[in-house]
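Hi everyone, thanks for coming. I'd like to walk you through a structure I've been looking at, so let's put it up on the screen.

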Amino acid sequence: MNAKWRLRLFLVAGAVFLFLYLAAAKNLPAWGDYRGPYGDVMSSLSVYERHATDVVNAIDYDYRGFDTLGEEFILFTSIIGVMLLLRDPKPKSGTKDEEGLSKTVKVTATASFGLTLIFGLYMCTHGQLTPGGGFQGGVIIATAFLLIFVAQNMKSFKAITSHPLMEVLEAVGASLYALTGLSALLIGVPFLTNWIPLGTTGDVFSSGTIAIISASVGLEVATGFILLSYTYLEEILSGKGEQ
Amino acid sequence: MKVAAVLLLLLIAVSGFMVVRTRDVTAQILSLSFYGLLLAVMFFMFQAPDVALSQIVVGAVALPLMVMLALARMKHHEKVKAARGKNER
Amino acid sequence: MSPSPALPVAVPMLSAAFLAAFRKWLPRFVVDLLAVVAALFNLVLCVWLLRLSWFKDIVYWFGNWFPRGHMVVGIGFLVDPLGAALAVVAAFLTLLALIYSWGSMESGENHYQPLMLIFLAAMSGFCFTADLFNLFVFFELMSTAAFALCGLKTEEPAPLQGSFNFAITNTVGAFFTLTGLAILYGATGALNMAQMGWLLGTRHDSLVLTACLFLITGFLIKAAIVPFHFWLPDAHSVAPTPVCVLFSGLMVELGLFAVLRITTVIFGSTFSGIPDPLRGCFLVLGALTAVWGGVMCFAEHHLKRVLAFSTISHSGMMLFAMGLGSRMAIAGWLIYVCAHAAIKSGLFFTAGILLHRLRSMSEPILHAKGKPLKFTAALWFLGACGLAGLPPFALAVGEDMVSHSTHGSPEIAATILFLISGIFTAAAVLRVFMRVFCGWGDSGPSDASAQINELPESHEENQVIPFRLFAPAAVCIFSGIALTFLPSLRLLSLKASGRFIDQHGFVASIYALPHVLAGVVDPGPSEVGSMIAHGSIAVICAAILAAWAVFHPRIPRLLRWPSHLEGRMSWARQIQSGQPADYVVWAMMGVAVMGSVFYIMR
Amino acid sequence: MTATTLFNIVPYAVAAWLFFCGLYGIITSKHLVHTVISLAVLQTSTYVLLLAIGFRWQGVAPVFADLSPGVVTVDPVVQALMLTDVVVEATVVALFLAMVVKAHEKAGTLSPDDLKMMRG
């Protein structure tokens, strides 16, 4: 098919598609008129039953925690896929150092490393209370490590991130979630049951397994994103082929 | 509130189209980042702070960063290839 | 003591995480051994669950979240015999694939085994889940693992392109499914399939029609139904052999399984009062797919592409059986799927042996090179007979049940379509047999796709075929026969299918309500005579067609036209353009046409 | 069709439009990275749709840290479904980009028109 025909066929099919979509939308509840009942049941239950004030995270890490386990493994699988595709099986030693950035930028970035890291950790541990949680916190922690890359040189970034420990930590993050689920089986209740005492509403250690799961997701996401960026940067960092 | 919401949605519709219409990939990274930010604003406006947070960190930062890293790697590869070609000649 | 249905998902996931963490330190054989043990464990668990689910559906609520009245708050698994049977097939094929790749698969630094285990976990979860969003999550997990596995041989440009086409097409499909899911959630406020179906009832306005269409589009893409099928040959011609086995053996069929589950549980009552557009679409698309897949299968010269198009043809027949929709037809569908999984996997394993020994997948290059491989030739020949539906292969039982599930013109149509699909696919496989293993005729026409370079999957050189390669192929082919001799196979599959298509039974199981299962009359053994007649006609016609293609220069010019099917179908092959943009346009056309049919028939 | 009906489907229409845009981007793409970005735009359509479905004009965010129990909230379920999707999307895009990078290294081109290995 040449580009012209492709576009023509697409416009015809696309018009039908838009018609189908809008015909369905016409019969959806009007905008801003959500009728429930699933969401309302969740909103009313989660504070009492789970001692969690952020309902979204209570759903993600408890009521529908099994979905999140699947999503976490999608993340895990894509990272394996990226490493499989892009990693050089025989990494070259030798790191190219880059001056480039001004001192001000470096200092600012180093200073913000600590802040960003703390912010990320805060998010991971307060998922059940306030907006945020393992997913968002994990990405923020990974960003903190990328700041090292900006601030310092590639060498220290590489020293921290290329370690095989990163891969182990990533797998630990993924398996900790599954293990939390399995632990429920040992005491005779279904997979992923939140069996740990729920604590006081509003406490950091409240909501039982939600806190553990949020932290494990944070670990997985943070290490995953660090591995991703390292994998992309690896070849450029090692300066392979330039000598 | 309602007028603002409609305007924001229309802005999103337009900028979404702009992202796919931008043919230059480097410019597309910028438009994608801007588009991600707009979505995050919409999520905040529609009472979804959790999603807005992940959209800011992912849609506006991590995703464009991934594209940038991929482009950097491809450029690097081309440079290496060109250098090699010169050496052989 | 009964096993938790969560284990077939959690155990492979955990083993995958463990293997991925320590892949750098563990010796190769430990990694292989652990992966095989995990798959074996899954097989045992799934067989156990199948036995337990036989008398009563197993309902399992994650996180101990039982429904509150009519409101389902958590995610539930519902294990029924048909789903459990497919999970058993998944575990069985994964086990054989892991044995096949024992010690080989050098590229990828031990990334391969964790990916296979995640694939297995996703397939098991997909078979059991009763929650629509959870179904979508496992669909995505399965796809992601499949994309990565497909690009395993990264040293060649072709695999990357094949997996890129695969990834783009399937991801677009996944977003169609997610959109349909969101629309349904907006209408019902529920995510559990039973609750959705119960809330929708007989509603059939534009919302339900569009949601149904978008939901099944993603799964039809996975099931490689014309015109959504283009990704499949690309993905198969580049994926490593054991991965092809999982793709063709079960992943494609699981797409159909999801369509069947959605249309029976969620939309089971939608079309009760009005003409059913779904059935019509299934019958027409199924017939189209069966014929098109068969013809393209005969036109290809890359061994894996030949087998890939034959999968498309058989997938079309499965959709046709779903269009017939009766209890008997679905029972036949189940037998057909299991038998097809065994035979097609056997053929892929055999192709893998050829690749291992002769280092190519191209029919012209392999011409006459397979002569010394007697056992491999025997397996390949048996596989061809199996595809044609010759008894005692269980495919014949499935075909017989599907075509006898109706009367009148649908019965004749089904019989003829099974013949066409069987003849063309078996003819292509027999043609390869004649050229490669017997060395008859010339080397045949060559073309672009036959030139796809394929790196061998292992670098060991050996003069005998290793046991680990031969055993899975033989086990697959012979389990295709053994299935026929399972005691009261027809009665068992009828029981399973009756439970599966019973929408009220599903709802009753989810809400723990009493429900009387409909009784089954033992259909008795099948008519062996008609099966043998049917099968032999298919094999003989296939052999004639194959011989015609192989010997066509010696045939009088006037009679040469059937051989034009081979090699000169350039117009048909140009549609298979290798560009993801075209594939997306074709899929859009499919959606548009199906949508128009839905709305016109209303 | 009155103004109210029109107003009530605005977000759904925007979602449909974004889906259409994403598909348009994929089929007119001349650069594989552009294809991947178009796919990311296509996915945002599902965010807009899900969020619009669970929205309430009088509802507040479902975070009870500073709310008294019993107030009307927007639907937390769609937000939970989106939340994981947003993060997963980034990694899946990373996987696709990795395929593109590798294809570029092996085939030396990024135009889908030049990648014809799979023809026929």
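Before we start, one bit of vocabulary: a residue is buried if its relative accessible area is under 20%, exposed if over 50%, and partly exposed in between, using a 1.4 Å probe and protein chains only. Now the ground rules: this is a predicted model, where local features need pLDDT of at least 70, side-chain atom pairs count only at pLDDT 80 or more, and totals for chains, interfaces and linings use all residues. Residues are numbered from 1 along each chain as its sequence is written, chains are lettered from A and ligands numbered from 1 in the order in which they are written, and side-chain values use heavy atoms, with hydrogens and water left out.

Okay, chain A. It has nine helices and zero strands. Helices here are DSSP runs of H or I with at least four residues, strands are runs of E with at least two, and both are numbered from the N terminus. Of the 243 residues in chain A, 58% count as buried. The chain exposes about 9000 Å², and carbon and sulfur atoms supply 69% of that. Those areas come from the Shrake-Rupley method with a 1.4 Å probe, and for residues only the protein chains shown count as cover.

How confident is the predictor about chain A? The mean pLDDT is 81, and 86% of the residues reach 70 or more. pLDDT, by the way, is the predictor's confidence in each residue, from 0 to 100. Confidence in chain A is highest in helix 1 (residues 3-26), at 93, and lowest in helix 7 (residues 154-161), at a mean of 70.

One residue to find in chain A is Leu192(A), in the loop between helix 8 (164-186) and helix 9 (209-238). Its phi is near 65 degrees, a positive value in a residue other than glycine. Is Leu192(A) buried or exposed? Leu192(A) counts as buried, because its relative accessibility is 7%.

Over in chain C, Ala368(C) also has a phi near 65 degrees, again positive and again not a glycine. Ala368(C) sits in the loop between helix 14 (363-366) and helix 15 of chain C. With a relative accessible area of 26%, Ala368(C) is partly exposed.

While we're in the loops of chain C, look for the cis peptide bonds. One joins Val226(C) and Pro227(C), with omega at about 0 degrees, and Pro227(C) lies between helix 8 (206-222) and helix 9 (231-238). Another runs from Pro391(C) to Pro392(C), with omega near 5 degrees; Pro392(C) is in the loop between helix 15 (374-388) and helix 16 (394-403).

Next, cysteines. How many disulfides does the structure hold over all chains? Zero. A disulfide means a pair of cysteine sulfur atoms within 2.5 Å. For Cys281(C), the nearest cysteine sulfur is that of Cys212(C), 9.4 Å away. Why is Cys541(C) not bonded to Cys385(C)? Because the two sulfurs are 14 Å apart, too far for a bond, and Cys385(C) has the closest one. Cys281(C) is buried, at 7% relative accessibility, while Cys541(C) is partly exposed, at 32%.

Cys244(C) is in helix 10 (residues 241-265) of chain C, and it's buried at 0% relative accessibility. Leaving out residues up to four places away in sequence, Cys244(C) touches His236(C), Ala239(C), Gly249(C), Lys304(C) and Phe348(C). A contact means heavy atoms within 4.5 Å.

Helix 10 also shows up in the packing of helix 20 (residues 503-510) of chain C, where six of the eight residues are buried. Those buried residues pack against strand 1 (58-61), strand 2 (76-79), helix 7 (193-200) and helix 10 of chain C.

Last topic: how the chains meet. Five pairs of chains touch, and chains A and C have the most contacts among them. Chains B and C don't touch, and their nearest C-alpha atoms are 14 Å apart. For a look at B meeting D, find Gln47(B), in the loop between helix 2 (25-45) and helix 3 (49-88) of chain B. Gln47(B) touches several residues of chain D, including Phe55(D), Pro62(D) and Gln79(D). Gln47(B) is partly exposed, at 25% relative accessibility.

That's it from me, thanks for listening!
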